[in-house]
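Here's a quick briefing to read alongside the model. Have the viewer open and follow along by topic.

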Amino acid sequence: MINVNELSIVSNFDFELSNDEKKLIVEKLLEAHNLAVANLDFGNITNRGFAVNACSQDGIWALGTNFNNTRNEISSICAERSAVMSLFNKSLIKNNSKIFNFKVKYLCMAQAIDLNKSFKSAVPCEDCLAWFNTCRFFDDETIIFSFEKNENEKIILQATKLIEYLPYRNLLTSNVYNENKEIKYTDAASKSMSKFDIDEEKIKEILFLTYQNYKDITCKNISNQNISCSIYVNNKIYSSNKTDWTKRWFIEPLEYNLKQAIEENSDNIHIDVVSYFGDEFSGSKDEKFNDGVVSIKSLGRIRQKYAKSDTIIVLNLDNCIFVTTVGEFLPKKFVQGYKI
Ligand SMILES: [Zn+2]
């Protein structure tokens with residue numbers, strides 16, 4: 001039903017696929033689509049079917065679909081992550097315990113939506129993007145493919161580089177504070193500053209409080225990764241540290257701050273500013289892969305309701321204080337399939 005020769009590829013980057021490779025991508029997307037339909041037919045608790053065919057740089061392919069034990073987050077896994085796990089296992093088995101370089105080259109994302117109907121291309125949720133934001137198994141060359149069918153009833157092949165979803169994925173913050181650092185604003189951040197009537201002194205104050213909180217940590221830092229976060233809501237700064245339960249289980253400070261702000265101000269609030277300060281690495285700095293200071297997962301959660309794309313983000317970098325926005329950090333918002 002899809003004519004590969006007539007199928008146009010839509011992308012924001014210079015990109016060429018050989019005809020054979022294009023044919024393969026279409027095949028893999030259709031395979032994923034069939035799996036997504038099968039998952040829905042089986043009876044998915046969320047009533048949504050997705051599937052991904054993932055390919056590693058050494059050419060191994062593996063399929064995965066969304067897996068929902070219950071609706072809550074710990075017992076659910078999206079198709080993207082399911083496919084990457086499947087690909088990793090397959091690659092390990094194939095390499096038979098030998099050391100190999102595991103990087104994801106392609107993610108072919110499909111939905112259970114009938115291909116005869118109009119639909120938008122699939123966008124990864126922020127939980128999946130939190131995975132993709134790590135440097136270990138994904139790089140700036142990773143491409144996400146999906147079908148989209150526009151109003152003209154024409155199916156197109158959408159190709160998106162991972163970096164389009166995560167433009168700051170290689171950005172490293174610094175845990176050294178210096179009040180004389182230059183402050184750099186993106187254009188979007190400058191617009192938000194005047195919109196929310198926030199001046200440079202306020203940005204400095206919020207970052208300083210975040211730093212102080214980082215320095216004066218009172219909870220036990222089991223993970224060796226101390227992170228502080230502040231939010232500015234209704235003219236008040238809420239600040240807290242990451243609280244560790246174990247090395248890898250913790251309360252994320254952005255979400256904790258927001259909970260406090262909601263309790264004090266009721267549900268109807270807008271977060272003007274988010275500031276993070278902390279350790280990029282939980283291990284030694286010689287480690288190759290940072291754990292990250294900014295939580296993509298939490299930004300995704302607060303943006304569903306309490307923050308918008310214009311919410312300001314303040315980060316302490318080596319050479320400057322960088323002021324950007326949620327919309328620049330996460331250019332595409334994942335829309336839940338139900339009313340929030
Ligand atoms: Zn996801």
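At what angle do helix H7 and helix H8 pack, and how far apart are their axes? The angle is about 25°, and the axes are 9 Å apart. H7 and H8 are therefore roughly parallel to each other, since angles under 35 degrees count that way. Keep in mind that this is a predicted model.

**The H7/H8 contact**
- H7 covers residues 253-265, and H8 covers residues 296-303.
- On the H7 side, the meeting residues are Leu254, Glu255 and Leu258; H8 brings Ser298, Arg301 and Ile302.
- Sorted by class, that contact of H7 with H8 comes out as three nonpolar, one polar and two charged residues.

**Domain layout**
- The protein splits into domain 1 (9-165) and domain 2 (182-329).
- Going by C-alpha atoms, the centres of domain 1 and domain 2 are 30 Å apart.
- Where the domains touch, nine residues of domain 1 are in contact with seven residues of domain 2.
- The domain 1 side of that contact has four nonpolar, two polar and three charged residues.

**The sheet S1-S8-S7-S6-S2-S3**
- This is an open sheet of six strands with mixed pairing, in the order just named.
- Strand S1 (9-11) and strand S3 (61-65) are at the edges with a single partner strand each, so one side of each has no neighbour in the sheet.
- From one strand to the next, the twist averages 25°.
- Strand S2 (residues 50-56) and strand S6 (residues 104-111) run antiparallel and are joined by seven bridges; Ala54 has Leu107 in S6 as its bridge partner.
- Helix H1 (residues 19-43) lies across S2, S3, S6, strand S7 (143-149) and strand S8 (155-161), at about 145° to S2.
- Helix H2 (residues 79-95) also packs on the sheet, where it touches S2, S3 and S6, and its direction makes about 145° with that of S3.

**The sheet S9-S16-S15-S14-S10-S11**
- Here too you'll find an open sheet of six strands with mixed pairing.
- Its edge strands are strand S9 (182-185) and strand S11 (236-241), each pairing on one side only.
- The strand-to-strand twist averages 20°.
- Six bridges tie strand S10 (residues 227-233) to the antiparallel strand S14 (residues 273-278), and Cys229 is partnered by Tyr276 in S14.
- Helix H5 (residues 187-195) lies across S9, strand S15 (312-316) and strand S16 (320-325), running at about 75° to S16.
- H7 turns up again here, lying across S10, S11 and S14 at about 30° to S10.

Methods:
Residues are numbered from 1 along each chain as its sequence is written. This is a predicted model: local features need pLDDT of at least 70, side-chain atom pairs count only at pLDDT 80 or more; totals for chains, interfaces and linings use all residues. Axes are lines fitted to C-alpha atoms, for helices over the stretch in contact, and angles run from 0 to 180 degrees between N-to-C directions. Helices (H or I, at least four residues) and strands (E, at least two) are DSSP runs, numbered from the N terminus. Angles under 35 degrees count as roughly parallel, over 145 as roughly antiparallel, 65 to 115 as roughly perpendicular and the rest as oblique. Two residues are in contact if their C-beta atoms, placed from the backbone, lie within 7 Å. Ala, Val, Leu, Ile, Met, Phe, Trp, Tyr, Cys and Pro count as nonpolar, Asp, Glu, Lys and Arg as charged, and the others, Gly among them, as polar. Domain bounds come from an automatic or database domain assignment. Two strands pair if DSSP finds at least two bridges between them.
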